[in-house]
Amino acid sequence: MSEVVEAKGPKVPPSYPPKSPPPQKKPVEPPRPQPATTPKPLIGMPPRMVVTSRRARVLAFRADQWAAKKAAGQAALAVAEWDYPLLDEHDFLKTVHGLVHAAVAGGGKRVSVHLADQDDKILVMVLNHRIDDQGDAVQVPTEVAVLRTVDACGIHTDQDGHAWWALLDARPRPKKQLG
């Protein structure tokens with residue numbers, strides 16, 4: 001008599017059909033919106049410059065020894081498109097060159113030249129984008145202030161850095177004859 005012996009192994013549940021996980025008790029919520037933060041007003045700081053309703057051009061340069069010459073040439077080409085035949089080109093080039101040279105000497109890694117026109121006047125403003133305080137080191141170059149077609153010039157410091165500016169008369173009046 002032979003005896004039949006069955007092998008016993010671990011019980012394995014059937015693999016078909018697979019069991020699905022139980023449903024979640026609460027549906028997943030989308031992330032809640034964060035409250036909007038309003039920027040704190042800058043006390044004592046003027047608003048950023050915005051040019052509207054006039055032609056404007058911005059040129060950027062690395063602050064190196066060649067920046068003034070490059071800026072003067074590119075600014076002259078930009079303003080030539082604005083059709084000011086009576087603009088004193090020598091005064092304009094000297095103004096841009098002098099202001100950029102002052103900005104480079106004031107420090108920073110880059111300078112930007114901002115040009116705008118209105119009512120036969122051309123504004124040239126140069127920023128060195130260096131915000132730290134330099135005291136008396138920031139001055140308008142004398143060679144710019146004495147030019148015949150420069151109506152006004154100055155400096156200011158704000159959140160964008162130190163800025164040198166000059167306002168040129170694009171249609172200068174003829175010199176009066178003495179005699």
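Okay, let's start with one pair of strands: β4 and β5 run antiparallel to each other, joined over eight bridges. Take His156, for instance; across in β5, its bridge partner is Ala163. Just so everyone knows, what you're looking at is a predicted model.

Now, where do those two strands sit? They're part of an open sheet of five strands, and the order goes β1-β2-β3-β5-β4, with antiparallel pairing. For anyone new to sheets: strands pair through backbone hydrogen bonds, either parallel or antiparallel. Here β1 and β4, which covers 150–158, are the edge strands, so called because each pairs on one side only. On average, neighbouring strands are turned by 15° against each other, if you ignore direction.

Next, the helices. α1 packs on the sheet and touches β1, β2 and β3, with its direction at about 160° to that of β1. Then there's α2, lying across β2, β3, β4 and β5, and running at about 170° to β5.

So what about the largest nonpolar core? It has 32 residues, and the ones with the most contacts inside it are Phe92, Val100, Leu115 and Val124. Quite a few elements chip in at least two residues each, among them α2 (89–105), β2 (110–118) and β3 (121–127). Which one gives the largest share? That's α1, with eight residues.

Let me finish on Val124. Which residues does Val124 touch, leaving out those up to four places away in sequence? Here they are: Phe92, Val96, Leu99, His114, Leu115, Trp164, Trp165, Ala166 and Leu168. Two of those names, Phe92 and Leu115, you've just heard among the residues with the most contacts inside the core.

Key:
Residues are numbered from 1 along each chain as its sequence is written. This is a predicted model: local features need pLDDT of at least 70, side-chain atom pairs count only at pLDDT 80 or more; totals for chains, interfaces and linings use all residues. Side-chain values use heavy atoms; hydrogens and water are left out. A nonpolar core is a set of buried Ala, Val, Leu, Ile, Met, Phe, Trp, Tyr and Cys residues joined through side-chain atoms within 4.5 Å. Buried means under 20% relative accessible area, exposed over 50%, partly exposed in between (1.4 Å probe, protein chains only). Helices (H or I, at least four residues) and strands (E, at least two) are DSSP runs, numbered from the N terminus. Contact means heavy atoms within 4.5 Å. Two strands pair if DSSP finds at least two bridges between them. Axes are lines fitted to C-alpha atoms, for helices over the stretch in contact, and angles run from 0 to 180 degrees between N-to-C directions.
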